[in-house]
Each structure stands twice: as C-alpha cells, then as structure tokens.
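Here are my notes on the model you sent. Please read them with the structure open.

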Amino acid sequence: MLRNDDVRVVSSSIKIPLPAKRSTCPLRTAHSHIANATNSIAQLVNSFASHSTELTRSVLQKSSLLCSATLSLTGDRKRACPIRRLASLSLAEEAQQKARQNEERVLISEVLVRNKDGEEMERKDLEAEAVQALKACRPNSALTVREVQEDVHRIINSGYFSSCMPVAVDTRDGIRLVFQCCVFKSAALLSAVMLLHVIVYDYYFSFQACSLLSYNGGSVLNFCNLSGDFLWYKRTQCEMDMVTFSSFSMSTQLYMVCMLLMFDHHCIQISMSCFAGKIINLRRLDEAISSINNWYMERGLFAMVSAVEILSGGILRLQVSEAEVNNISIRFLDRKTGEITTGKTRPETILRQITTKKGQVYSMLQGKRDVETVLTMGIMEDVSIIPQPADTGKVDLVMNVVERPSGGFSAGGGISSGITNGPLRGLIGSFAYSHRNVFGKNQKLNISLERGQIDSVYRINYTDPWIQGDDKRTSRTIMIQNSRTPGTIVHGNADGNGSLTIGRITGGIEFSRPIRPKWSGTAGLVFQHAGVRDEKGIPIIKDCYSLPLTASGNTHDETLLAKLETVYTGSGDHGSSMFVLNMEKGLPLLPEWLSFTRVNSRARKGVEIGPARLHLSISGGHVVGHFPPYEAFAIGGTNSVRGYEEGSVGSARSYVVGSGEISFPMYGPVEGVIFSDYGTDLGSGSTVHGDPAGAREKPGSGYGYGFGIRVESPLGPLRLEYAFNDKKDRRFHFGVGHRS
C-alpha cells in the first residue's frame, strides 16, 4: 500500500516576480544537477589523468573516450593518451584547435545505459527511455565529443533523469560508452499549493492550500490551512464519501463542507499529476506547474509557483507565492487637474461596496468587479485600482476615485400614458432637483415636478441605498407624492367625462435588497388618499351614467397598502430576460379603509434571429376584494394593445396582455419594428364596481398589429408606431422609453 508520510505542502509569502519573468523551476533544477555532474566528472577525469601511464600501456593500439555534458577532446591521436583536457580548460584556447578537437572521432563498439552506480537499472522502461533519447551514440559508430554532449542533453531533457554522466570503458572488443543516469524517485509526490475560490449563494470563500494525492487506488483531497490543520476527503469506488474534521471552528467547517459540495475535484487533477512512489518526469512536472500558473492567471490571481526543491529521500516540495492584500486605501482626485484632493464621500461608504478584503489573495478579476460596483453607486465619474508593493508577499491597493458633482437641477419632458386625442394633451414638462451624495453616504434626495395639460406629479424621494450596519445591502426609500392622472384610461372620453382626473396623495416607506444573483425583493407600506374630480377640480362620486367613481361612496377612498415585489433581471439590457411579480394588500385597520388584494406580474424574453431580434412579453393580473373602479386594470394603448386608445379595450378585474415584436437594424441608431399585440379582460369587466367598461361598451378583448421605427436619443428610445386593430381602425402611437 502506498503511503503519504513524506508529503510536504508549503504556502509562503515570497515576493512574486513579474509574469514576464517567470522561471521554469524544474528546468533550473535539472541544470543544477548537470552542473553537479560536470564537477564530479572533472574530479573523475583528474583522478584518471594521474594514472595515465597505466592507461597508455593498455590503449597503445586503441583509443578511449571519456566525456561528460561539457567534455571535449584535445591532443593528437598519435600520442599515447587521446584524452588530455576537459571543457573546463581556459576559454582562451585557439578557435582553430577547438574546431579540430570537435571534429575528432572515436570509434565506439558498445553503448549501454546504467544507473549512477554503473549497475543495470531496475526499471527497464526508464532504460528504454534513455536509449530512445540517444540519436548519435550507437554501437560501431565513430563519435565526436559534440555528438556525445548532444545525446547527454537529450537524456536530461527527456525529463526522467536528474543527471547523466558518460563514461568510456576500454574492453577487449573496443571502447564501451556507458551513460550513468540518476533518476528522481519519490516516496510521495504532492501537488502544488492552490488557492481555491468558491461562491455559495453570493458569499465569497477562499482557502489557503489544497493537494491531491494518490492513495490506495482512490484519491484524497487534502485541505490544509496555515495552522497545519487538515481535512481529509476520501473518495474511492468501493467506499462512501467520508469527511473528517480536525480542530476547525464551526465557520471553517461550514466553509469547507460548501467547498467539498461545490468544487469539482477533477479540476485539481489537471494542475498536478501525482504518482506516489513513482518516477517523476521533469517535463511533465514543468507542464503541471505551468497549468497551475495558468489556473491562477485565468482567475486573475496574483500568485504563482515560485520555487521547486528536491529534498533528500526523493521528496519534491513545491512552493507557491501568493500576494495577499495588506491595506486598501481611497484616494480622491480632482476632476480637472487630477491632483489629490479632499473628497466629499466617506471612505467607509466606498470600502463597504467592494468584496476584496484584507488578507485575501489579490484577484484582478475581483478588482474589476469592485470597480464596476463602485461606479454603479452613481456618484463617481472614474474609478481605478492600483496595486503597490508592501511587505514581503503582500500588496497595498490604492483606489483612485473622481467624484461627480453631487447635486443639481435638471429639466426634461415626456409623453403621458393617458393621451387620448389632441397633439399637445399628452406632453409633460419636468423640473427636478437631486442630490446624489447626502451626508457623504451615497444617500439620494430627489424633488421633482412633472406638469402637463392633464397630468401633474409632485414627488419627494429620499433613498439610502445601503442602511448602515446591515450586511444584506438593504436599501430604504421614503416617498411622498401628489399626482393627477387622466380618468379616461378607465372611464373613457365618449361620455362627456373626458376631463375627469384621478387625484392621489400617497406616502410610504419601502425596503429593498438583493435576494440572489439577478434577483431582488421589495417590501413596504404605502398610504393612499384618492378620489375623482371633474374638469373644474370639484370632487365627484358619480359619472354621467350615475355610476360610482369611488368604492367607499365618499369623495375620497383611503387605503393602507402592504406591498411585496420580486424582480428578476438578466443582463439588464432591454432584450434580456425579465420577470416581475407584484402583490398589494389593503389593510383595513380602520373601518373606512379599503380591503382588497391585487396580484400583477409581467415577463419578457428576447431571442436573437440572425441580425434581427424577437421580443416576447406577457403580463397579467387579478384583484380580489372591494376596490374602486379607478384601480381596475386598463387594457389598450401605447404600452398595452396598440391600435386602440388608452384603456379602450377594457377595464378589468383580471387581464392578460401578450405582445410580440421583431426589431431589425436599419441605419445607424434607427431600428425598424414589426409588432402584434393581444389583450383580454377574461370576462371580468362586469365584476368591477360600477362596471365602467360595460357602460361604455368596451369590447373586453382585442388585438392590434403594425410597424414602426425607434431612434436612440439622450432621453431614451423614441418610438413612432402605426397600428391597425381588429375593428379596422388605424392609429399613430408615440412614446419615449421601452415598453413596460
């Protein structure tokens, strides 16, 4: 049974050389053994020269050859001793004499490969490897020193031998050339120390060391921290997986269990071939070290195999240097001059955004993600991370940031979703003041006013994107809003009530946080005071059909809504996948407060079809309980079923709307669009309080189709579409931004 008693795993803090200057440690090791072999040969030849007289008598009629990795012949073949000098002679020898020496040939009658003691090798396969490496040295061939030297290098470069010394032996049949080779034989060969990174549900883990050993026909994953504790994970064909802990804290145990569950151990095998008690091939060792360095490089980690040592007893020790993060500091730069300045943002507000922490091995990929995260705060114009050398094996990170102006005024415009007719009735102008970095904590204050001929919205929002002390990245938004929207989207405009407006005063608080990658959740409480007014601004409770406009029978309805929402976003682009589920519950804490439950969801999917793109979307919802008619789902319009006016398909308790679009590039920022929409109230229009859809003879279902163009602009995509509906009516639709 193979044992692993001699395994040595070392993780140290040695300064890492630049990647461009990476060394091939195994080859350097091999070269050092060649140099040692050369010194030994020189001593042997000196000893041989002292007995040159006896040799001369035995080789008067024959020639002898003694050579090593750096041996050369000198002298005249007519002299008594054909070997007089080595390659270690002075480099000042005349070039002509060296050329003549290199061309001298000695007849070799026999070529053998032996071990370092001159005995036959136990491993015939290794002997065959050495023989196969020989190109020039063959029996009954005349050789030069250069040819012997080249064959010595071929044997060394095969990777199986640490040294090779050619020895010339005079026999009765002629000169026998013996290559005495020394092999690496390891009691246990370990793999390189590797840093592993595992992501478990958005939590970042890293571990110091890992080695894969051959053990009793199976494989053993050996996880070792710097204190010398071990976790053994044994996997064989005949035994169940087994995990044993040794002196670990509960957090470390949990971490390593997660690693075992998620990390594919086959990935370790590519970085090191482990053959306990077997011969080491230096070329394969070099390939394994290169694969380990590539593993680090692919992950952007500042680490590499820095040293390879061959210890006594055939133990091979690999040393990995990892650049640990020592300190992380923030440096503010002036927007115009680039000089160091004093920033308005608190450093801790920036540092909590980044995932790179002190004591971790610095990862360039992780640093890139940190830069992107800081930029998404919206208060930085430019962000960069500069690594600087610190203590041995450590690196300091300096994050240079350029702040944007924190506040200012802005103005703009848009189009109301409640547009019905007339060229200017849907136009909205806006004016806003915003501050992106209140108290230097990235908290945002926004005060805005939107005003049109019909619509008006006054809004104050105060958002803390990350509540202090919370490790889940929970944000908090406090909102107060006063809005007026057209009542035509529910009550139509053919009945003479075209100037009805719905007024809402709302205030509340919402909390949002990421749940999983690409998933986020929101919960909140919102109080709403809402009612309907006529064209003179007078509150009314019935329309011209004497149908109720409120659920309570009063001029205003009051509702306390508990909100829950979850959102999935793909890449964030308009064409990527998206899913939204929204639920609202009216809490009747007071008798006059409304009680109802509303569920609404929408999904979107984009598919590439050559140069074109197919966009599929679907939305639907349902309301349970007693709710006012102005809270009904309005079907039809620019963001619903095109070809119809806003809300003219139906006013429903339940609804489904589906849409398909094919967009294709036309010229520069201009895209062409072909679309088709369909919507239905699922027969629920009559169940809405007062049945506003039935009184106005809304069909309850309908479809539209058409074509249009889209142009990218600073305000967002501008959409101009021409649509036909199932009643053969035609209508232009103009919108700003993507369809919701």
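The points below cover the basis of the model, its overall make-up, its cores and one helix.

1. This is a predicted model, in which local features need pLDDT of at least 70 and side-chain atom pairs count only at pLDDT 80 or more, while totals for chains, interfaces and linings use all residues. Residues are numbered from 1 along each chain as its sequence is written, and side-chain values use heavy atoms, with hydrogens and water left out.

2. The protein has twelve helices and 37 strands (DSSP runs, H or I of at least four residues for helices and E of at least two for strands, numbered from the N terminus). Of its 740 residues, 45% count as buried (under 20% relative accessible area, 1.4 Å probe, protein chains only).

3. The largest nonpolar core (buried Ala, Val, Leu, Ile, Met, Phe, Trp, Tyr and Cys residues joined through side-chain atoms within 4.5 Å) has 23 residues, of which Ile 155, Phe 161, Phe 179 and Cys 181 touch the most other members. Among the elements giving two or more residues to this core are helix H5 (145-157), strand E5 (161-171) and strand E6 (174-183).

4. Leaving aside residues up to four places away in sequence, the contacts of Cys 181 include Val 113, Met 121, Ile 155 and Phe 161 (contact means heavy atoms within 4.5 Å). A second, separate core of 16 residues includes Ala 551, Ala 632, Val 649 and Ala 652.

5. The buried residues of H8 include Leu 282, Asp 286, Asn 293 and Trp 295. After H8 comes Gly 300, with a positive phi near 70°.

How values were computed: Buried means under 20% relative accessible area, exposed over 50%, partly exposed in between (1.4 Å probe, protein chains only).
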